[in-house]
Amino acid sequence: MTDREAVRLAGSGVAERAADTPQPRLARWRRAGAWLLDLALPATCVGCGREGDPICRACRPALAGREQAPAGIPIGLPSDVPDPLLQLEWCAPFGGVVRRALHELKYAGERRLAEPLGAAIAARWRQTGAGGDVIVHVPVHEDRARERGYDQAEALARVAARELRLPHLAALERGRATVAQFQLGRDRRAANVAGAFRPAAPAMGRAVAGRWIVLVDDVVTTGATLAACSEALLESGAIGVSAVTVARER
Ligand SMILES: [Zn+2]
């Protein structure tokens, strides 16, 4: 068994145990019902409103807004790669179609958007990523995931991992509820998320040890959340952490 397979196995075992966590059966059925209903209805494009795909072929180029951009942070953006991240990449500026798509994925339950958005993450990483062994997503707080029925960053990470042929681990959890970062000024964001993340299980801590992690999230603003996740992963023995998001908000 290769190391990579071992990580995958460790990951699947823990994921199964997490899925076994008891929760009210009714809520579970209600969520499954809503999900099936969504699937039964055709998606409408977040760009132009056309029925069919959640982002139609004509609007899809918006997701590759930085396709030609070289790797790295362009000169003129306010911050460099936040310490201790090794690399930070994103697919497109946070605006227009991309902004609407992320909003629909996060707040309107349009889970089908994870497919094109996750594929965009994979495409950008394939083009610019310097390396990485394992995909890990930035988790939302458990309560928020339960309300929503899913974790949007996890949905993105699953698609990106599949496209990149890398294992995906739900390695982190939010140890305490944090205020939504967008409600805070830039200077208060680091304090809000510092120490908020921890390994989702002891086995997850072991699974990231000695690995180069690629963190996946929907949007990066100051990078404080990504930095806080990196700290937790490095404490578990990860050898390095890079990150890739759908969008970057200035
Ligand atoms: Zn469209």
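The following paragraphs describe the secondary structure, sheet, core and helix packing of a predicted protein model.

Residues are numbered from 1 along each chain as its sequence is written. Because the model is predicted, local features require pLDDT of at least 70 and side-chain atom pairs count only at pLDDT 80 or more, whereas totals for chains, interfaces and linings use all residues.

The protein contains nine helices and nine strands, where helices (H or I, at least four residues) and strands (E, at least two) are DSSP runs numbered from the N terminus. Of its 250 residues, 40% are buried; a residue is buried if 20 or more other C-beta atoms lie within 10 Å of its own, exposed if 12 or fewer, and partly exposed in between, with C-beta atoms placed from the backbone. Among contacts in the protein with a separation of 6 or more, 78% join residues 24 or more positions apart, a contact being a pair of residues whose C-beta atoms, placed from the backbone, lie within 7 Å.

Five strands form an open sheet with parallel pairing in the order β3-β9-β8-β4-β5; two strands pair if DSSP finds at least two bridges between them. Strands β3 and β5 (168-169) stand at the edges with a single partner strand each, so one side of each is left without a neighbour in the sheet. Despite this edge position, five of the six residues of β3 (residues 88-93) are buried, so β3 is largely enclosed by the rest of the structure. Strand β3 is joined to β9 (residues 240-248) by five bridges in the parallel sense. Within this pair, L88 has A243 of β9 as its bridge partner, and P93 stands opposite R248 of β9.

Further into the sheet order, β9 and β8 pair in the parallel sense through eight bridges, among them the one between L215 and A243 of β9. Strand β8 (212-220) is mostly covered, with seven of its nine residues buried. Four bridges connect β8 to the parallel strand β4. Here I135 has V214 of β8 as its bridge partner, and V136 stands opposite L215 of β8. Strand β4 also runs parallel to β5, to which it is joined by two bridges, and V136 stands opposite L169 in β5. The side chains of β4 alternate in direction: V134 and V136 point one way, I135 and H137 point the other way, and all are buried.

The largest nonpolar core comprises 64 residues, and those with the most contacts inside it are L117, I121, L156, A160, L215, V216 and V246. A nonpolar core is defined as a set of buried Ala, Val, Leu, Ile, Met, Phe, Trp, Tyr and Cys residues joined through C-beta atoms within 7 Å. Helix α6 (residues 152-164) gives the most to this core, with eight residues. Beyond residues up to four places away in sequence, L215 touches V136, V138, L226, C229, S230, V241 and A243.

One of these partners, V138, lies in the loop between β4 and α5 (142-148). V138 counts as buried because 25 C-beta neighbours lie inside 10 Å. When residues up to four places away in sequence are left out, V138 touches A153, L215, D217, T225, L226 and C229. The C-alpha atoms of V138 and T225 are separated by 7.9 Å, although the two residues are 87 residues apart along the chain.

Two packed helices are described by the angle between their axes and the distance between the axes. Axes are lines fitted to C-alpha atoms, for helices over the stretch in contact, and angles run from 0 to 180 degrees between N-to-C directions. The axes of α4 (residues 114-128) and α6 come within 7 Å and cross at roughly 50 degrees. That angle makes α4 oblique to α6; angles under 35 degrees count as roughly parallel, over 145 as roughly antiparallel, 65 to 115 as roughly perpendicular and the rest as oblique. The crossing of α4 and α6 is right-handed, a crossing being left-handed if the near helix is turned anticlockwise from the far one by less than a right angle, and right-handed if clockwise. Residues of α4 in this contact include L117, I121 and W125, and those of α6 include L156, A160 and L164.

For α7 (residues 186-193) and α9, the axes come within 9 Å and cross at roughly 25 degrees, which makes α7 roughly parallel to α9. Their contact is made by R189, A190 and V193 of α7 and A224, T225 and A228 of α9. Helix α9 (residues 224-235) also lies across β4 (134-137), β8 and β9, running at about 160 degrees to β8.

Conventions: Two residues are in contact if their C-beta atoms, placed from the backbone, lie within 7 Å.
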